[in-house]
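Biologist: Could you take a close look at one helix for me and tell me what sits around it? I'd like to know how that spot fits into the rest of the assembly.

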Amino acid sequence: MRVWLIVLAMGAATYGMRLSVLALVHHSRLPRTLREALRFVTPAVLAAIILPAILYSGGSHSFDATPGNERILAVAVAAGAALLARNVWLTIGAGMVTLWLLQWGAG
Amino acid sequence: MQGASRRSEFLAGVRAQLPLLLGVTPFGLAYGAYAVNSGLASGLAQAMSVIVFGGASQFVGTRLIAEGVPAAVIVLSVALVNARHALYSASLAPFLDHLGRRWRWLLAYLLTDEAYAVVIARYQRDGSTRFGHWFFFGTGVALWVSWQASTAVGVAVGASVPASWSLDFALPLTFTAILMPMLVDRPAGAAAMAAAVVAVAGFRWPYGSGLIAAAALGMAAGMLTERLARTTRSERSAETS
């Protein structure tokens, strides 16, 4: 029973974050500087999710920024594909195939 | 957009979410397997996917429950891990201003990293359209269904896709596809750069605080770059006049 209450509270905390400015406080009441800065949320958060997923990969999630980390080249290829083709499937395909080829070559 | 209907917006949202499901499905399987292997009852493991609906925070919550950490610490940790959702909420709010309360409460429940990335990219391109909220709804439903289904399979089978398939890489790749076109704007590029450096440095900070610090410093870097550009521009125009 206790764990169910914990999970409910976890859900309430998460929902509260999601509701905050969408439903609880109107965005016009946020400080002006913060409102202007909000347009940088997307590039900041996406980059902050992408980079660690590349540099801390592998089973032990240890830091690896050497050329031996196949994900670095794979994401570079994907980034190039994203700029040239502007297509999500092509970007994923380019990155995954590069990674698999490099892993297959190394293994 | 001409001729867009509720239905076409909904389906466009589902389609936009499909590439992300490539990475989300193995993640859901892994969560389901991890939860039952950590000793959570199957019903509770599944309920967490419905009640919390947030990948990384469910792993954190499961681990802390299994370790017998005090309830207040668990809830606070999950709140911190999901604090970035408040930023998403603020960032999307201006586009959803016109909606009634029921829609806003529904869409808030469906607000995740994956939905946010797809929806904000669309809204920044097309602005606030008449049925644009149906796009958000379609994206959210697609993600929700696949998250519940993959959790259920992970719970039932107790095993996940082998790590050697590297399917977890699909998620950063999809985000790369969304991020790259944004970087042509110099302040946005500065925001991404600063955030990436902080996120890598703070990867092991507790409760996802590295990610929050990265978002905050990235936003600050973007603002600063924009202000500097503005001052140089006005100085230049002052010289020429």
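Modeller: What covers the buried residues of α6(B) comes from both chains: the cover includes α1 of chain A, along with α5 (84-92) and α8 (132-157) of chain B. Bear in mind that this is a predicted model. The helix in question, α6, runs over residues 101-109 of chain B, and its buried residues are Arg104(B), Leu107(B) and Ala108(B). Those residues cover an arc of only 105° around the axis, so they end up on the same side of α6(B).

Now follow the partner from the other chain. Where chain A meets chain B, 55 residues of chain A are in contact with 73 residues of chain B. On the chain A side of that meeting, α1(A) gives the largest share, at 18 residues. That is the helix we just met in the cover over α6(B). Helices of chain A that each put in at least two residues are α1 (2-24), α2 (32-37), α3 (41-55), α4 (70-85) and α5 (88-106). Sorted by class, the side of chain A that touches chain B holds 43 nonpolar, eight polar and four charged residues. As for how chain A is divided, domain 1 takes in 1-30 and domain 2 takes in 41-106. The C-alpha centres of these two domains of chain A are 33 Å apart.

Back to chain B, to put α6(B) in its setting. Chain B has 11 helices and zero strands. Its C-alpha trace spans about 75 × 45 × 35 Å along the principal axes. Of its 241 residues, 52% count as buried. If you take the contacts in chain B with a separation of 6 or more, 76% of them are between residues 24 or more positions apart.

For an example of helix packing elsewhere in chain B, try α1 (residues 6-37) and α3 (residues 55-67): they pack at an angle of about 10°, with axes 10 Å apart. With an angle under 35 degrees, α1(B) and α3(B) are therefore roughly parallel to each other. On the α1(B) side, the contact is made by Phe27(B), Tyr31(B), Tyr34(B) and Ala35(B). From α3(B) come Gly55(B), Gln58(B), Phe59(B) and Thr62(B). By class, the residues of this contact are five nonpolar, three polar and no charged.

So, for your helix: Arg104(B), Leu107(B) and Ala108(B) are on the same side of α6(B), and the cover over them includes helices of chain A and chain B.

Note on methods:
Residues are numbered from 1 along each chain as its sequence is written. Chains are lettered from A and ligands numbered from 1 in the order in which they are written. This is a predicted model: local features need pLDDT of at least 70, side-chain atom pairs count only at pLDDT 80 or more; totals for chains, interfaces and linings use all residues. Helices (H or I, at least four residues) and strands (E, at least two) are DSSP runs, numbered from the N terminus. A residue is buried if 20 or more other C-beta atoms lie within 10 Å of its own, exposed if 12 or fewer, and partly exposed in between; C-beta atoms are placed from the backbone. Two residues are in contact if their C-beta atoms, placed from the backbone, lie within 7 Å. Ala, Val, Leu, Ile, Met, Phe, Trp, Tyr, Cys and Pro count as nonpolar, Asp, Glu, Lys and Arg as charged, and the others, Gly among them, as polar. Axes are lines fitted to C-alpha atoms, for helices over the stretch in contact, and angles run from 0 to 180 degrees between N-to-C directions. Angles under 35 degrees count as roughly parallel, over 145 as roughly antiparallel, 65 to 115 as roughly perpendicular and the rest as oblique. Domain bounds come from an automatic or database domain assignment. The arc is that of the directions from the helix axis to the C-beta atoms.
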